[in-house]
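Please work through the following exercises with the sequence and the coordinates open beside you. Each task is followed by a solution that proceeds step by step.

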Amino acid sequence: MSILIMGTGYVGITTAIMFAELGIQVTGFDSNAAKIALLNQSHLPFYERGMEPLLQRHLQEQTIRFVQDEQAAIEEHAIIFLCVGTPSNSDGSANLFAIQQASEWIGKYMREQTLVVIKSTVPVGVDERVSEWIASKQTRPIPFDVVVNPEFLREGSAVADALAPDRIVVGSDSEEAAQRLLSLYEKLDCPIIVTNPKAAIMIKYASNAFLATKISFINELARLCDGLEIDISEIAYGIGLDPRIGAMFLKAGIGYGGSCFPKDVDALLHTANSNRKSLTIIEHAAKVNRTQPLYALDVWEKVMPSAFKKATVAVLGLSFKPHTDDLREAPSLVVISELLSRQAKVRVHDPIAVLPVHFRALGVQQADTIGETLQGADAVILCTEWPEYREIDWLPMKPLLNGHIVFDGRNALDGRSLIQSGYDYYGIGSH
Ligand code: UGA
């Protein structure tokens, strides 16, 4: 059995590797020549822990290959996964250009009955448009099915998540098509939900919107705890022990980022607007998230001798979460911009992610080591909880620093031990 994956971004490559691990022959297609060349040299176009060796192995074993010729790729396959990007338009709606282009190519080049699987996150109703786009380019009627199969993997643990999913969701109007898709997953053991395409899509959006809301819930509560001298981490622990609430995604911080939560929340709100409904809870969750880094900076600057003006601030962590180099919607970028507008001098560090060029032009420097980053700093702000930051031995760092103030934007450091080492420590919702 052989499948075609269209789009070699995060979801596409992870899906390719997952199916190759399950013993299925995979062809990955992308119209970006540079990406295909990189992949064929066993290199990922992004950083994901543990993924490159798997890619190398499957390329060597020829269980995966990458191509740039859409016609040949489509002609050779009867099962095609759409994994292309659906970035946000300026109004929050999902940009469907790549989905439309891939669908039209499928219509143009398909030779036999084909199963088209939408794995990209698309708004409700897009499966019908995919069918129309395919049909519009067919020169003779060849039957095809379009099913929806959303992805729930997380960056940083993508392959592990894909190989041990907590559920497989299939949205299909055809039982036969759903079963054909499910046969690809037969080696995986997890609950399976077969429903209609609209419900499958809504499960995906609702999952991300719920998790985003959970984070904003704890972040908003953290703001109240700040004024009441209550530690939000204790509250999160206390409520998380109730299995109806659950402990995960209750970590207060400077907010959620990444390519999924902000984009999917916006797209869901856009769908609601288009249907003249308002999702006030989710709207508010998005607002809390937008303002969370600013809230933290407002609180923290009160303990700085002259706010952040002329202070040198060491920012630890750029990526939107650890174990990825992804900077999309990363709260660190808001923090850096805001520090600059408050006239701070900023030096940053990240084990993997690279500072965007426009910040360099504004005088922000990226140091190679944690020590260099801390050198002469008046304050430290942790934006991403990389393990290496949790492991910093702060006592020997003291002579390097000019001021001994640590702001922990992820409530990830051992505040007590920092205070014992002579630092002023401030987290989120902890004072
Ligand atoms: C998220 C979902 O967790 C996946 O299930 C989903 O498949 C994926 O989006 C997607 O739609 O493709 P991801 O964006 O990789 O995965 O990252 P998460 O681990 O969910 O973290 C998202 C953001 O929330 C990060 O910035 C993280 O720092 C933040 N976060 C997470 C918190 O601030 N507090 C928490 O308690 C948990």
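The exercises below concern a predicted model, and they go from the whole chain to strands and then to charged side chains.

**Exercise 1. Overall form**

Task: Determine how many helices and strands the chain has, and decide how its radius of gyration stands against the globule rule.

Solution: Begin with the secondary structure, which comes to 18 helices and 15 strands. The radius of gyration is 24 Å, close to the 22 Å that the globule rule gives for 431 residues, so the chain is as compact as a globular protein of that length. Along the principal axes, the C-alpha atoms fill a box of roughly 75 × 45 × 40 Å. Finally, buried residues account for 54% of the 431 residues in the chain.

**Exercise 2. Strand β2 and its partners**

Task: Find which strands are joined to β2 by bridges, and in which sense they run.

Solution: Start with strand β1 (residues 2–6), which runs parallel to β2 and is joined to it by five bridges; within this pairing, Met-6 has Phe-29 of β2 as its bridge partner. Next take strand β3 (residues 64–67), which also runs parallel to β2 and is joined to it by four bridges, with Ile-64 of β3 as the bridge partner of Val-26. Then add the connection: β1, helix α1 (residues 10–21) and β2 together form a right-handed β-α-β unit. As a last step, consider burial, for four of the five residues of β2 (residues 25–29) are buried, and the strand is thus mostly covered.

**Exercise 3. The six-stranded sheet**

Task: Give the strand order of the open sheet of six strands, and explain why β12 and β15 each have one side without a neighbour in it.

Solution: The order is β12-β11-β10-β13-β14-β15, and the pairing is parallel. Because β12 (365–366) and β15 (424–426) stand at the edges, each with a single partner strand, one side of each is left without a neighbour in the sheet. Further in, β13 (residues 379–382) pairs with β14 (residues 405–408) in the parallel sense over four bridges, and here the bridge partner of Ile-381 is Phe-407 in β14.

**Exercise 4. Salt bridges**

Task: For the salt bridge of Glu-21 with Arg-57, state which helices it ties together, and then decide whether Asp-30 is buried or partly exposed.

Solution: The whole structure holds 17 salt bridges. In one of them the side chains of Glu-21 and Arg-57 meet at 2.6 Å, N to O. Since Glu-21 lies in helix α1 and Arg-57 in helix α3 (residues 51–60), the pair ties together parts that are 36 residues apart in sequence. Glu-21 is partly exposed at 30% relative accessible area, and Arg-57 is likewise partly exposed, at 32%.

Turn now to Asp-30, whose side chain meets that of Lys-35 at 3.7 Å, N to O. The cut-off for a buried residue is under 20% relative accessible area, and Asp-30, with 9%, is therefore buried, whereas Lys-35, with 22%, is partly exposed.

Arg-154 and Asp-161 can be treated in a similar way: their side chains form a salt bridge of 2.8 Å, N to O, in which Arg-154 is partly exposed at 37% relative accessibility and Asp-161 is buried at 15% relative accessible area. To finish, note that Asp-298, Glu-301, Glu-338 and Arg-342 are linked in a network of salt bridges.

How values were computed:
Residues are numbered from 1 along each chain as its sequence is written. This is a predicted model: local features need pLDDT of at least 70, side-chain atom pairs count only at pLDDT 80 or more; totals for chains, interfaces and linings use all residues. Side-chain values use heavy atoms; hydrogens and water are left out. Buried means under 20% relative accessible area, exposed over 50%, partly exposed in between (1.4 Å probe, protein chains only). Helices (H or I, at least four residues) and strands (E, at least two) are DSSP runs, numbered from the N terminus. Two strands pair if DSSP finds at least two bridges between them. A crossover is right-handed if, with the strands pointing away from the viewer, the path from the first strand over the helix to the second runs clockwise. The radius of gyration is taken over C-alpha atoms; the globule rule is 2.2 Å times the number of residues to the power 0.38. A salt bridge is a side-chain nitrogen of Lys or Arg within 4 Å of a carboxyl oxygen of Asp or Glu.
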